[in-house]
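User: Hi! I'd like to talk through a model with you. Could you pull it up?

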Amino acid sequence: MLTQALRDARRFEEEKEREITPEMRPAYHLSARVGWLNDPNGFCYFQGKYHLFYQYHPYNSHWGPMHWGHATSTDLLHWDYLPAAMAPDQPYDRDGCFSGSALMLPDGRHLLMYTGVVNEEQDGRMRGIQAQCIAIGDGIDYGKYEKNPVISISNLPKGSSKYDFRDPKLWQGKDGRYYAVAVTDNPSKGGGQVLLFVSNDALKWRYETTIMSNNERIGLMWECPDFFEIDGKSVLMCSAMDMLPQDLKYYNGNGTFYITGEYDKEKGSFKEESDHAVDYGIDFYAPQTVVAPDGRRLMIAWMQNWDTCNLHTPDVPWFGQMTVPRELSVKDGRLYQKPIREIEQFRKNRILHKNIQFSHGEISLPGVRGRCVDMILEIMPAGKDIYQKFALRFAENAKYHTAVSFRPHEGILKIDRKFSGSRRAIIHQRRAAVGCKDGGIRMRLLLDRYSAEIFVGDGEKVMTTTISTELSAEDITFFVDGSVYISVEKYDLVM
Ligand code: FRU
């Protein structure tokens, strides 16, 4: 039943992975088994485990004909690689199995819906015709459905492009029916739009309504939609391409936004209330969410950015990692993110420094260092004038550091990875506007070998970046222009 293309991919990844030692990988973030990884796909809980698939090009560390890689986990931090789940091996997906999602059928079988791509030449350039396809399996091996594709251009409203129609996200509604959102480009309407499809059996689909059209408001084409209810609100999440900056709200390039609002099922209309970026750092794209067995809505994303991800040589044995999975909630129209609580069981060697006062200069604190770290930092002004600037530096030695700095008078938090080992002229800094009560701020740093994620306050803003700093750069220091009290609670993450 397995095609030659899939058997080849499985044999290749098994052999190639022997070249990669555990230390060459992140300690608790999922990375490509071998070769290249982009979007998370098919994030689900199936037969007692979380399954995560991913956009995958096993044969080298650059994007290429898309396969689906596969891994499982019980705690979302330790992952076991499974054999690649899909290869582009059918007439309707011969140029790629693009992003998609998963659900369990009533008979216990596992269903994947993905975008099949077939390239054709249009006006002298190659473009992919995209349609939604299904594969059904047992959690390891998947067979492609004989009636593929199940949703194609003929199902779409007028004006949609057959070239940009992708990334179905599935769920089962309370009414027992199956739903999927997917994106299309509608060039005459200024870019991406999110379409809703419905099905009684998850195999035969029909178009229901258009949930949102871009009209060039946030970038041009949209990718990887997700649509869910949480804390009494509906949330639409999408990744936008070719964005123009809007103050400190959205940045140039590719980024992910969410819109909260009310979805009226009867009318099929989404009344929006507020929109924001999901992550204000440098490397975050194409998130996907899942409901955990205990009811938490968890999100994981590709920890990269399309504008900065192609700068390595193809002989790198793996490229591409996922963010830490995050627990979501919504309050006052804002999405809050917290690292999954499972991570707390791997905290070791607690170091606590309370209300340490220092002024004008840099300090380090006993025991506060390391490269796999979970650290909570609270800063309060000391004296009558609020300090000008505070900076936290980590992954630091004489040559390298990555910094998060805060200017309370401007209410701006900045991440800067200029000195993190990058040899390229790419984006190294991003800024986020953060609320600031009298110069006080609280943040949590999750540091792994090749990334840093900073959660501000209760998780109302997050800044994520990859780093390529040598692992011996383990120092953590604090700098202030002015005078502050800081409290630091720091753990090693021992996986
Ligand atoms: C987003 C994306 C998706 C597509 C996939 C291809 O990063 O462009 O829209 O399905 O990557 O690998």
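Analyst: Happy to. A quick definition before we start: a disulfide here is a pair of cysteine sulfur atoms within 2.5 Å. Also keep in mind that this is a predicted model.

User: Good, cysteines were on my mind. How many disulfides are there in the whole structure?

Analyst: Zero; the search covered the whole structure.

User: Okay, and why is there no bond for Cys 133?

Analyst: Because the closest cysteine sulfur, in Cys 97, lies 7.8 Å from the sulfur of Cys 133, which is too far for a bond.

User: And what about Cys 224, how far away is the nearest cysteine sulfur?

Analyst: That would be the sulfur of Cys 238, 8.4 Å away, and Cys 224 is in no disulfide.

User: Is Cys 133 buried or exposed? And Cys 224, buried or exposed?

Analyst: Cys 133 counts as buried, with a relative accessibility of 0%. Cys 224 has a relative accessible area of 10%, so Cys 224 is buried too, given that the cut-off is under 20%.

User: Thanks. Switching to the overall picture: what helices and strands does the protein chain have?

Analyst: There are 31 strands and one helix.

User: What is the radius of gyration of the protein chain, and what would a compact globule have?

Analyst: The protein chain has 23 Å, and that agrees with the value near 23 Å for a compact globule of 495 residues. Along the principal axes, the C-alpha atoms fill a box of roughly 70 × 50 × 50 Å.

User: What share of the residues is buried?

Analyst: Buried residues are 60% of the 495 in the protein chain. As for contacts with a separation of 6 or more, 59% of them are between residues 24 or more positions apart.

User: And the surface, how much does the protein chain expose?

Analyst: About 20000 Å², with 48% of that supplied by carbon and sulfur atoms. On charges, the protein chain has 60 positive and 66 negative ones, and their mean positions are 2 Å apart.

User: Let's zoom in on one residue. Where is Ile 151 found?

Analyst: Ile 151 sits in the loop between β8 (142-144) and β9 (165-172). Ile 151 is at 1% relative accessibility, so this loop residue counts as buried.

User: Which residues does Ile 151 touch?

Analyst: Leaving out residues up to four places away in sequence, Ile 151 touches Met 113, Ala 131, Gln 132, Phe 165, Phe 197 and Trp 205.

User: Last one: how far apart are the C-alpha atoms of Ile 151 and Gly 482?

Analyst: They are separated by 61 Å, and the two residues are 331 residues apart along the chain.

Notes. Residues numbered from 1 in each chain as written. Predicted model: local features only at pLDDT ≥ 70, side-chain atom pairs only at ≥ 80, totals over all residues. Heavy atoms only, no water. Buried < 20%, exposed > 50% of the residue type's maximum accessible area, 1.4 Å probe, protein only. Helix = DSSP H or I, 4+ residues; strand = E, 2+ residues; numbered from the N terminus. Rg over C-alpha atoms; globule rule 2.2 N^0.38 Å. Contact = heavy atoms within 4.5 Å. Areas by Shrake-Rupley, 256 points an atom, 1.4 Å probe, with all protein chains shown as cover. Lys, Arg positive; Asp, Glu negative; His and termini not counted. Charge placed at Lys NZ, Arg CZ, Asp CG, Glu CD.
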